Amino acid sequence: GDFSNERDVVIGKRHEKERKYFVKHGSPFAQKYGFGAQWTKLDLEIIAGKNTPSKIDNWNAGSFYPVGPPYLATVGDMYAIAVKWAEFVPAVHKQYPYLLAEMFAFCIAAAHLELKHQIVDSLMVSNTGMGGGEGWPMV
């Protein structure tokens, strides 16, 4: 995907620091979700192993990983994430048996693989009451 047209893409200020313009290997994109760095509060060593790269600070966790569908990535990146995602979901659910468990597992998988996402605020529309973070300005 090409996200270089400023008129057609909404990127929040926090996510412009290391802005990417194209989906390519090592550079996935996804919709921003509002759960921030909550997933970092889980015991990541139990979920992903003792030396997991997913143990990151709150700023990076909230800047590159609080994502959900739609996801855009190369086949290779998405396959790698999916393998770890499926591996991590049971342990995440054991610690956090709630609705967002599978999404937190995705974040942990992506961080474990060090696949920083370009977070986009315009890939979905779902709630007209949202103050931002969705593609309503483009509708």
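Does K84, at 22% relative accessibility, count as buried, partly exposed or exposed, and why? K84 counts as partly exposed, because its relative accessibility is 22% and the cut-off for a buried residue is under 20%. The structure is a predicted model, and the points below take up its salt bridges, helix α4 and a three-stranded sheet.

**Salt bridges**

- A search of the whole structure finds two salt bridges.
- In one of them, the side chains of E87 and K84 meet at 3.2 Å, taken from N to O.
- Both E87 and K84 belong to helix α3, where they sit three residues apart, about one turn of the helix.
- An α-helix has 3.6 residues a turn, so residues three or four places apart point the same way.
- E87 is partly exposed, with a relative accessible area of 45%, and K84, at 22%, is partly exposed as well.
- The side chains of E45 and K55 also meet in a salt bridge, with an N to O distance of 2.5 Å.
- Because E45 lies in helix α1 and K55 in the loop between α1 and α2 (58–64), this pair ties together parts that are ten residues apart in sequence.
- E45 counts as partly exposed at 36% relative accessibility, while K55 is partly exposed with a relative accessible area of 45%.

**Helix α4**

- Helix α4 covers residues 101–112, and at 1.5 Å a residue its twelve residues should span 16 Å, which agrees with the 16 Å that separates its end C-alpha atoms.
- Eleven of the twelve residues of α4 are buried, so the helix is largely enclosed by the rest of the structure.
- The buried residues of α4 include A101, M103, F104, F106, C107, I108 and H112.
- The partners against which the buried residues of α4 pack are α1 (44–48), β2 (67–72) and α3 (75–95).
- Just after α4, E114 adopts a positive phi of about 55 degrees.

**The sheet**

- Three strands form an open sheet in the order β2-β1-β3, and their pairing is mixed.
- The edges of this sheet are β2 and β3 (118–120), each of which pairs on one side only.
- On average, and with direction ignored, neighbouring strands of the sheet are turned by 40 degrees against each other.
- Strand β1, residues 29–32, pairs with β2 in the antiparallel sense over four bridges, and the bridge partner of K32 in β2 is V67.
- Strand β2 thus appears in two settings, as an edge strand of the sheet and as one of the elements against which the buried residues of α4 pack.

Terms used. Residues are numbered from 1 along each chain as its sequence is written. This is a predicted model: local features need pLDDT of at least 70, side-chain atom pairs count only at pLDDT 80 or more; totals for chains, interfaces and linings use all residues. Side-chain values use heavy atoms; hydrogens and water are left out. The expected span of a helix is 1.5 Å times one less than its number of residues. Buried means under 20% relative accessible area, exposed over 50%, partly exposed in between (1.4 Å probe, protein chains only). Contact means heavy atoms within 4.5 Å. A salt bridge is a side-chain nitrogen of Lys or Arg within 4 Å of a carboxyl oxygen of Asp or Glu. Two strands pair if DSSP finds at least two bridges between them. Axes are lines fitted to C-alpha atoms, for helices over the stretch in contact, and angles run from 0 to 180 degrees between N-to-C directions.
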